[in-house]
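Morning, everyone. I have one structure to walk through today. Please take a look at the screen.

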Amino acid sequence: MAKDSHQRAAEYHNLAAHSHEAAAASHGKGDHLSGHEHSRQAMEHAAKAWQFSQDAHHKSKSAAAPATDTPTKPSTP
């Protein structure tokens, strides 16, 4: 269901944001190795969030499409 995909996307967006904050804190303390690892995690979470967002979009789009077997005739002006 699209709602599940939206929820999962939101969770991954939040995880990405948290990882970005942790990366910034690590870089601010001069711990660039940990900062880099947090940045990598943020990128992975953001990619998953994007995937779930796309999935939700496609599911919402297909659910909103009319259920007809015959092609629609284009309107002429």
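How much area does the protein expose, and what share of it do carbon and sulfur atoms supply? The exposed area is about 6100 Å², with 59% supplied by carbon and sulfur atoms. One caveat up front: this is a predicted model.

Now the fold. There are two helices and zero strands. The protein has 77 residues, and 18% of them are buried. Next, contacts. Take those with a separation of 6 or more. Of these, 64% join residues 24 or more positions apart.

On to the helices. Helix α1 covers residues 2–28. Helix α2 runs over residues 32–64, which is 33 residues. From first C-alpha to last, α2 reaches 47 Å. At 1.5 Å a residue you would expect 48 Å, so the two values are close.

Which residues of α2 are buried? Gly35, Ala42, His45, Ala49 and Ala56.

Let me pick two serines in α1. Start with Ser5, which is found in that helix. Its relative accessible area is 5%. The cut-off for buried is under 20%, so Ser5 counts as buried. Leave out residues up to four places away in sequence, and Ser5 touches Phe52, Asp55, Ala56 and Lys59. Ala56 is one of the buried residues of α2.

Then Ser19, also in α1. Ser19 is buried, with a relative accessible area of 5%. With residues up to four places away in sequence again not counted, Ser19 touches His38, Gln41, Ala42 and His45. Ala42 and His45 are among the buried residues of α2.

That's my tour. Over to you.

How values were computed: Residues numbered from 1 in each chain as written. Predicted model: local features only at pLDDT ≥ 70, side-chain atom pairs only at ≥ 80, totals over all residues. Heavy atoms only, no water. Helix = DSSP H or I, 4+ residues; strand = E, 2+ residues; numbered from the N terminus. Buried < 20%, exposed > 50% of the residue type's maximum accessible area, 1.4 Å probe, protein only. Contact = heavy atoms within 4.5 Å. Areas by Shrake-Rupley, 256 points an atom, 1.4 Å probe, with all protein chains shown as cover.
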